[in-house]
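Here is a short guided tour to read alongside the sequence and the 3D view. Keep the viewer open and pick out the residues as they come up.

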Amino acid sequence: MKDARVHTGKSGEARAAHYLEAQGFSLVAQNWRTRSGEIDIIAFCKNTLVFVEVKTLPHGNAEMLAHVLGSAKQKRIVEISKCFLAINRQYSKSYIRYDVIVIDMPGFPEVYHIENAFSELL
């Protein structure tokens with residue numbers, strides 16, 4: 001069961017990365033890790049550094065999405081992004097954005113991109 005979830009997640013992340021590139025983003029990093037977690041995709045476009053959480057939810061719905069992206073998850077992503085920025089000072093003058101890309105959720109486009117899904121102010 002876990003192997004299937006990992007495969008589904010990795011496949012969704014690959015599709016999200018391809019989508020972002022097709023939209024003109026440059027991929028900076030994928031699966032960027034710290035001890036406290038990871039950011040699925042970090043991309044750059046038009047002076048904006050975007051931290052992207054990818055959720056592949058072929059059996060999901062809006063309520064499930066809200067649950068898996070709760071305030072604790074958002075806070076963790078923001079903290080990890082601060083670690084990335086501390087190490088990668090070349091992005092210090094960039095705008096920062098937190099997006100979510102949802103893959104295969106029924107009732108939504110196959111790749112559903114939510115720009116500015118949340119902010120540092122939680």
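## The overall fold

Let's begin with the big picture of this predicted model. The protein chain contains three helices and five strands. Following the sequence, these elements come in the pattern α-β-β-β-α-α-β-β.

How does the radius of gyration of the protein chain fit with a compact globule? For 122 residues, a compact globule would be expected near 14 Å, and the protein chain has 14 Å, so the two agree. If you lay the C-alpha trace along its principal axes, the protein chain spans about 40 × 30 × 25 Å.

## Inside, outside and charge

Of the 122 residues in the protein chain, 40% are buried. Among contacts with a separation of 6 or more, 53% are between residues 24 or more positions apart.

Turning to the outside, the protein chain exposes about 7400 Å², and carbon and sulfur atoms supply 52% of that area. The protein chain carries 15 positive and 13 negative charges, and the mean positions of the two sets are 8 Å apart.

## Aromatic rings

The aromatic side chains are worth a closer look. A pair of aromatic rings is described by the distance of the centres and the angle of the planes. The structure holds seven aromatic pairs. One of them joins Phe44 and Tyr91, whose rings are 5.6 Å apart centre to centre with 50° between the planes, a tilted arrangement. This pair links distant parts of the chain, 47 residues apart: Phe44 is in strand S2 (residues 37–45), while Tyr91 is in the loop between helix H3 (71–87) and strand S4 (95–103). Phe44 has a relative accessible area of 24% and is therefore partly exposed, whereas Tyr91, with a relative accessible area of 15%, is buried.

Which kind of pair do the rings of Tyr98 and Phe118 form, stacked or tilted? Their centres are 5.3 Å apart and their planes meet at 20°, so this pair is stacked. Because Tyr98 lies in strand S4 and Phe118 in strand S5 (residues 111–118), the pair ties together parts that are 20 residues apart in sequence. Both partners are tucked away: Tyr98 is buried at a relative accessible area of 6%, and Phe118 is buried at 9%. These four residues belong to one aromatic cluster made up of Trp32, Phe44, Phe51, Phe84, Tyr91, Tyr98 and Phe118.

## Two buried strand residues

Next, find Val100 in strand S4. Its relative accessibility is 1%, so Val100 counts as buried. Setting aside residues up to four places away in sequence, Val100 touches Glu53, Leu69, Tyr112, His113, Ile114, Ala117 and Phe118. One of these partners, Phe118, is 18 residues from Val100 in sequence, and their C-alpha atoms are 8.7 Å apart in space.

Ala29 sits in strand S1 (residues 26–34). With a relative accessible area of 15%, Ala29 is buried, because the cut-off for that class is under 20%. Which residues does Ala29 touch, not counting residues up to four places away in sequence? The answer is Asp40, Ile41 and Ile42. For a sense of scale, look from Ala29 to Gly107: the two are 78 residues apart along the chain, and their C-alpha atoms are separated by 30 Å.

## Two loop residues with positive phi

Finally, a look at the backbone. Most residues other than glycine have a negative phi. Asn47 is not a glycine, yet has a positive phi of about 60°. You will find Asn47 in the loop between S2 and strand S3 (48–56), and at a relative accessible area of 38% Asn47 is partly exposed.

Asp104 is also a residue other than glycine with a positive phi, here near 60°. Asp104 is found in the loop between S4 and S5. At 30% relative accessibility, Asp104 counts as partly exposed.

Technical notes
Residues numbered from 1 in each chain as written. Predicted model: local features only at pLDDT ≥ 70, side-chain atom pairs only at ≥ 80, totals over all residues. Heavy atoms only, no water. Helix = DSSP H or I, 4+ residues; strand = E, 2+ residues; numbered from the N terminus. Rg over C-alpha atoms; globule rule 2.2 N^0.38 Å. Buried < 20%, exposed > 50% of the residue type's maximum accessible area, 1.4 Å probe, protein only. Contact = heavy atoms within 4.5 Å. Areas by Shrake-Rupley, 256 points an atom, 1.4 Å probe, with all protein chains shown as cover. Lys, Arg positive; Asp, Glu negative; His and termini not counted. Charge placed at Lys NZ, Arg CZ, Asp CG, Glu CD. Phe/Tyr/Trp six-rings, centres within 6.5 Å; stacked < 30°, edge-to-face > 60°.
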